[in-house]
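Here are some exercises to work through with the model open beside you. Try each task before you read its solution.

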Amino acid sequence: MSFPAQTFNREREPTSFPGQVLYNDDLNKLLDVLPPAIRERLQQHPHLNQLVEVVLDLGRRPEARFPGFAEYLSEEVVSRADLDLVISQVGEFSSDNRAGIASTLHRISAIRNRQGTIIGLTCRVGRCVVGVITMIRDLVEQGRSMLLLGRPGVGKTTALREIARVLADELHKRVIIIDTSNEIAGDGDVPHPGIGRARRMQVASPELQHKVMIEAVENHMPEVVIIDEIGTELEALASRTIAERGVQLVATAHGNRIENLIKNPTLSDLIGGIQSVTLGDEEARRRGCQKSVLERKAPPTFEIAVEMLERHRWVIHEDVAATVDCLLRNREASIQIRSLDERGQVVIVRSTTGMNGRSSLSRPQWPPADTALFAGGGTWGSSGRLEPLPLEPVATRLQQPGLSLAREEEPTSSAGSLASPRSESKAEEEKEAELPQDPEGLLRIYPYGVSRFHLEQVIQTLQLPAQVTKDLDEADIVLALRSQVRSRSKIQQLAHSRQIPIHTVKANTLIALAGALRRILNIESEEGAQSDLELFIQASTAEEAEALEEARLAVEQIVIPKSQPVELLPRSAHIRKLQHQLVESYHLRAQSFGEEPNRRLRIYPN
C-alpha cells in the first residue's frame, strides 16, 4: 500500500522517501529553545526540513547536521550562557543524560565533564512519519513477535512508533509501550499523538526497564508490548518471559545484523541462545564437520527479524530459528529484501545469505542492488565466474542407456564406487541401469563425511541436475569421503539394506567433488572449462566468492563494454590474488594500490 505525499503541520517539501507522509515534527518548538542567533540562522536555512540535529559544544562553533553533510551556523563559539539558556527551557535530565521538550519527540542529550557539569548538548529532531512501515505492514498484521535491527539513525524508533499506532488504531489491539527514554511517545506526561491509542509506561531509570516490562504484562493485560533498545541480559530474559505468556513483542536491539546477536552473549537469547555441543562420530561424519559445533539452545524470543540497512531498504528474516540454524552450520539461509520504488510500491526480492550472514544484495556496494543478476532471487553461485556448462536437457540425459550410478572407477581417480557384496551377475545388471529419476529429474545425493556446503556450491555453480538430501530413504546415491567408508561400516549396511549405491571421493575439496559429480552424471567438460572451474572454485568461503563475483561483474558490465577502469572494494592480499587471476583470464590488466587495510584492485580496459 502507499500513502500520498504531503505535510500536515508545516509548509515545507514533503519527505523524500516514497510511500511516506511527514505527519508532525514540531520543529518550531525545538527552534524556540535555541539561542536567538542560532535560531534565526536555522529558520533561513534552505534544508531546514531535513535537519537531523544541532550540536552545541562549549567553546566551539554551533553545528547543524543534515543527511550526508553538516555546516557551522555561526562564527561565534558557544558560550556557557548559551548552554544554560537551552537547559533552562527543556525538561529535567535523567540518569542517562537525556531530556526532552514536552509534547514533542525531540531529544536533548547532554555531555558532562568530570565534575558533572554539562559542557555539550545534542539537540536531535524527532519526527512522526506515517507509512514508514509500508514494507512490513503484512508482517506486523500477522501477530508474530518482531525484532528490528540497524545502525543508529536509520529509523528504528520511528518504525516502532508507527507500528504502535497501526496496531492500536487500525488493528484495535491493546498496546503498551515501554518508553525508557521518552523517545517513542515524547517528553511529558501526555504522550505524543503519533502513537495513536497505544498506552505508554515511562521508566524512572534505564536499569529498571526489565521490571517495568514485566509489570506491564502483569498489571495492564496488553496484547502487544513495544520496547526500544533491549541492551542487557535482564531485558532479554524479560522479553522471553513476555513472549512465553502469549504476548506479541515488537522491539529494537543493539546490533546491525542477526549475526551480531549470535556473537553477543548478552543478547543471544533473543534469537534462541547459542551453546556448544559435541556430536557423535557417525553424526559428525554425516554432517561433514567437526565433533564440537555450535547450535541453537532454545526457540527464539522473536520469530521475525528485520535488518534496517537503509531507511527504504530492509532485509527480512521470516523464520529466525531457521536463519540462525543455517548460519551456525555455514549454510545459506532464505531472506527477503524489501524496498520501495518511485511509485511507493513495495518491491520484494528473495535471496539467500551465506555463511558470513551477508547477501550480495544486502548492502550498498558494487554490484548495484538493483542489478538484474539477482532478480530471480539467486546468489553469487547462480551466475558465477563461469558461463553455465552446456548440458543436455535433464530428461534426455537421464534416458540415455548405459549410464550407471554404480560403475567402477580407476583406482587413481578422485571418485569411485564401493558396491555391497552381491553376485557378479547382479552387479552387471546394475551397470546397465539408468540413472534414478525423481519427478523433477534431479539426482538426489546423500552426503556422508563430505561438506554439504561445498557439495551444494558445486551443484549450483555447475548447474548440475542434482540436489542434496538429508534423508537417506529419499537418496538415489550416497557420496562419501573414501577415508570414512570402512568394511561393514554403518553407512554401508544402511545403503545395502536400501539398495543405494555408494560413490566415494578422495578429498573433501570443491575440485574433487566437482570431478566426482561430473563422472557420476557422465558429463564431459569442454576444452579449457576445467581450468576455469579450478580458478573459480578456489573461492572456498562466501567472502572469496563475493569478491570474485564483484570482479566478474565489473569486467563484464563496465570495463569491457564501456572501456572504463573500475576500482573494487578493499580486500585482503589472498583475495586480491584470486581477483588478479580472474582478470587475467579476460586478458585484461589489473593493479593493486592503496595502503592496507584499504588496498584494492583497479581493473583497466585494453
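A residue is called buried when its relative accessible area is under 20%, exposed when that area is over 50%, and partly exposed in between. Keep this in mind as you look at the strands of this predicted model.

**Exercise 1. The chain as a whole**

Task: Find how many helices and strands the protein chain has, and what share of its residues is buried.

Solution: Start with the secondary structure, which comes to 18 helices and 27 strands. Next, turn to burial: of the 606 residues in the protein chain, 52% are buried. The accessible surface is about 27900 Å², and carbon and sulfur atoms hold 48% of that area. Finally, look at the contacts with a separation of 6 or more: 62% of them join residues 24 or more positions apart.

**Exercise 2. A six-stranded sheet**

Task: Work out the strand order of the open sheet of six strands, and say which strands form its edges.

Solution: Trace the sheet across and you read S4-S3-S2-S7-S6-S5, with antiparallel pairing. The edges are S4 (69-72) and S5 (98-100), each of which pairs on one side only. From one strand to the next, the twist averages 20°.

Now take the pairs in turn. S2 and S3 run antiparallel and are joined by three bridges; here Glu53 has Arg65 of S3 as its bridge partner. Four bridges link S3 with S4, again in the antiparallel sense, and Ala64 is matched with Glu71 in S4. Further along, S6 (residues 107-112) and S7 (residues 118-124) form an antiparallel pair with six bridges, where Ile111 has Gly120 of S7 as its partner.

The last step is to add the helix. H3 (residues 80-89) lies across S2 (53-57) and S7, at about 55° to S7.

**Exercise 3. Two faces of one strand**

Task: Sort the residues of strand S3 (residues 63-66) into a covered face and an uncovered one.

Solution: Begin with the general pattern: in a regular strand, side chains alternate between the two faces of the sheet. In S3, Ala64 and Phe66 make up the covered face, while Glu63 and Arg65 make up the uncovered one. Phe66 can be checked by its relative accessible area of 4%, so Phe66 is buried.

Then look at the turns on either side. The hairpin of S2 and S3 has five residues between the strands, and Gly59 there takes a positive phi near 80°. The hairpin of S3 and S4 has two residues between the strands, with Gly68 at a positive phi near 90°.

**Exercise 4. Rings and charges**

Task: How many aromatic pairs does a search of the whole structure find?

Solution: The search finds one. The ring centres of Phe66 and Phe69 are 5.0 Å apart and the planes meet at 15°, so this pair is stacked. Planes under 30 degrees apart count as stacked. As for burial, Phe66 is buried at 4% relative accessibility, whereas Phe69 is partly exposed at 33%.

Continue with charges over rings. Arg61 lies over the face of Tyr72, 3.8 Å from the ring centre. Arg589 has its charged end over the ring of Tyr604, 4.4 Å from the centre.

**Exercise 5. The sheet of three strands and its cis bond**

Task: Which strand order does the open sheet of three strands have, and which peptide bond is cis, with omega near 5°?

Solution: The order is S25-S27-S26, with antiparallel pairing. S25 (566-567) and S26 are the edge strands, each pairing on one side only. Two bridges join S25 to S27, and Val566 stands opposite Ile603 in S27. H18 (residues 573-585) lies across S26 and S27, at about 160° to S26.

Now for the bond: the cis peptide runs from Glu596 to Pro597. Pro597 is in the loop between S26 (589-593) and S27 (600-604).

**Exercise 6. Positive phi outside glycine**

Task: Where are Asn97 and Glu229 found?

Solution: Recall first that most residues other than glycine have a negative phi. Asn97, with a positive phi of about 60°, lies in the loop between H3 and S5. Glu229, whose phi is near 65°, is in strand S12 (residues 224-230). Asn97 is partly exposed at 24% relative accessibility, and Glu229 is partly exposed at 31%.

Definitions and conventions
Residues numbered from 1 in each chain as written. Predicted model: local features only at pLDDT ≥ 70, side-chain atom pairs only at ≥ 80, totals over all residues. Heavy atoms only, no water. Phe/Tyr/Trp six-rings, centres within 6.5 Å; stacked < 30°, edge-to-face > 60°. Buried < 20%, exposed > 50% of the residue type's maximum accessible area, 1.4 Å probe, protein only. Lys NZ or Arg CZ within 6 Å of the ring centre and 35° of its normal. Pairing = 2+ DSSP bridges. Axes fitted to C-alpha atoms, helices over the stretch in contact; angles between N-to-C directions. Contact = heavy atoms within 4.5 Å. Areas by Shrake-Rupley, 256 points an atom, 1.4 Å probe, with all protein chains shown as cover.
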